[in-house]
Amino acid sequence: TLYLWNDQLVDKNQIKIDIEDRGYQFGDGVYEVVKVYNGALFTAKEHLTRLGQSMQKIGMETPFDLSNLHRLLEELVEKNGLQDGMIYLQVTRGTHARQHWFPPADTPVVVTGYTKEMPRPASLMEKGVKAHITDDIRWLRCDIKSLNLLGNVLAKQEATKHDAFEAVLHRDGTVTEGSSSNLYMVKNDVIYTHPATNLILNGITRQVLLAVCRKAGLTVVEKPFTLDELRLADECFLTSTTSEVMPIVQIDNDLVSSGEVGPITRKCQSLFTSLIEQSCLV
Ligand code: PMP
């Protein structure tokens, strides 16, 4: 199994990460997760574009060749013989004696990546999952896919403690997103989700699903909804690269509607699966 280290594919024991890597000391970096179906990268361009945007938003303006990175990831998947799984990829602001302000502009960024086998979560997608409501205590730049994930980690741990698959995060009663996913509710055949502001990460799954839903004639409204509205929803689901379109059938002690996966959620699942099948020739 090979790993990506800067611009090379190497064995794990060849990788050296300095104790003063800013990713390690400050969480000063950004990351992406890309899915692989049938040996092919899914929506890789979109993920790499977002990586570039995240870097730019945190002032990492070191010259960086995203198309070369794309080629390296394809080579990594091929050499590792990965069929169904994911690529984790991160870029940190590099290594420098610890100081909060940025190191000199010519400090090289540190890129690492690896692949992991991971089947599609078929049985959870079939029966749906439970979610747990908790405060969104994160910072105000959730649009950046930052390595700083403490707010997300604490929320997911709360959810896990409550036997839930995901957290429903809210700010003063307004639902934002999940700890590692975007959230949606369906009411009277309309799909609602938080707009892509600084308060959420604009998921790639979210972007491609919303586009394909609109093309299929479903009504999508990008408008925040409240916990009270969520409690009266007909359907609820989440999306992420690894969870795809995941029905939420229970929120804390309450079933969502009847507790069955609803027809709009099923429709979204089948639209998304068609997209995977088309682009990865599954
Ligand atoms: N929101 C947050 C906070 C996330 O961490 C993620 C992905 N891990 C998402 C949304 C979903 O994004 P994507 O569909 O690009 O995986």
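What share of the 282 residues of the protein count as buried? In the predicted model described here, 37% of the 282 residues fall into the buried class. The prediction carries an average pLDDT of 97 for the protein, and 100% of the residues score at least 70, while the scores for the model as a whole are an ipTM of 0.99 and a pTM of 0.98.

With regard to overall dimensions, the C-alpha atoms of the protein occupy a box of roughly 55 × 40 × 35 Å when the principal axes are taken as the frame. The radius of gyration of the protein is 19 Å, which agrees with the value near 19 Å that would be expected of a compact globule because the chain has 282 residues. In terms of secondary structure, the protein contains eight helices and 15 strands.

Among these elements, strand E8, which spans residues 166-171, was examined together with its neighbours in sequence and pairing. Five of the six residues of E8 are buried, and the strand is thus described as mostly covered. On one hand, E8 is joined by five bridges to strand E7 (residues 129-135), and the two strands run parallel; within this pairing, Ala131 stands opposite Glu166 of E8. The two strands also belong to a β-α-β unit, in which E7, helix H5 (residues 150-161) and E8 are combined with a right-handed sense. On the other hand, E8 is connected through two bridges to strand E9 (residues 174-175), and here the strands run antiparallel. In this second pairing, His170 is placed opposite Val175 of E9. E8 and E9 form a hairpin with two residues between the strands, and in this hairpin Asp172 adopts a positive phi near 50 degrees.

The surroundings of the ligand were considered next. The ligand has 14 residues around it, of which Leu201, Gly203, Ile204, Thr205 and Thr241 come nearest. When the residues of this shell are sorted by class, three are nonpolar, nine are polar and two are charged. Two elements of secondary structure, helix H6 (204-215) and strand E13 (235-240), each contribute at least two residues to the shell around the ligand. Of the contributing elements, H6 gives the most, supplying three residues to the shell.

Conventions: Residues are numbered from 1 along each chain as its sequence is written. This is a predicted model: local features need pLDDT of at least 70, side-chain atom pairs count only at pLDDT 80 or more; totals for chains, interfaces and linings use all residues. A residue is near a molecule or strand if its C-beta atom, placed from the backbone, lies within 6 Å of it. Helices (H or I, at least four residues) and strands (E, at least two) are DSSP runs, numbered from the N terminus. Ala, Val, Leu, Ile, Met, Phe, Trp, Tyr, Cys and Pro count as nonpolar, Asp, Glu, Lys and Arg as charged, and the others, Gly among them, as polar. A residue is buried if 20 or more other C-beta atoms lie within 10 Å of its own, exposed if 12 or fewer, and partly exposed in between; C-beta atoms are placed from the backbone. Two strands pair if DSSP finds at least two bridges between them. A crossover is right-handed if, with the strands pointing away from the viewer, the path from the first strand over the helix to the second runs clockwise. pLDDT is the predictor's confidence in each residue, from 0 to 100. The radius of gyration is taken over C-alpha atoms; the globule rule is 2.2 Å times the number of residues to the power 0.38.
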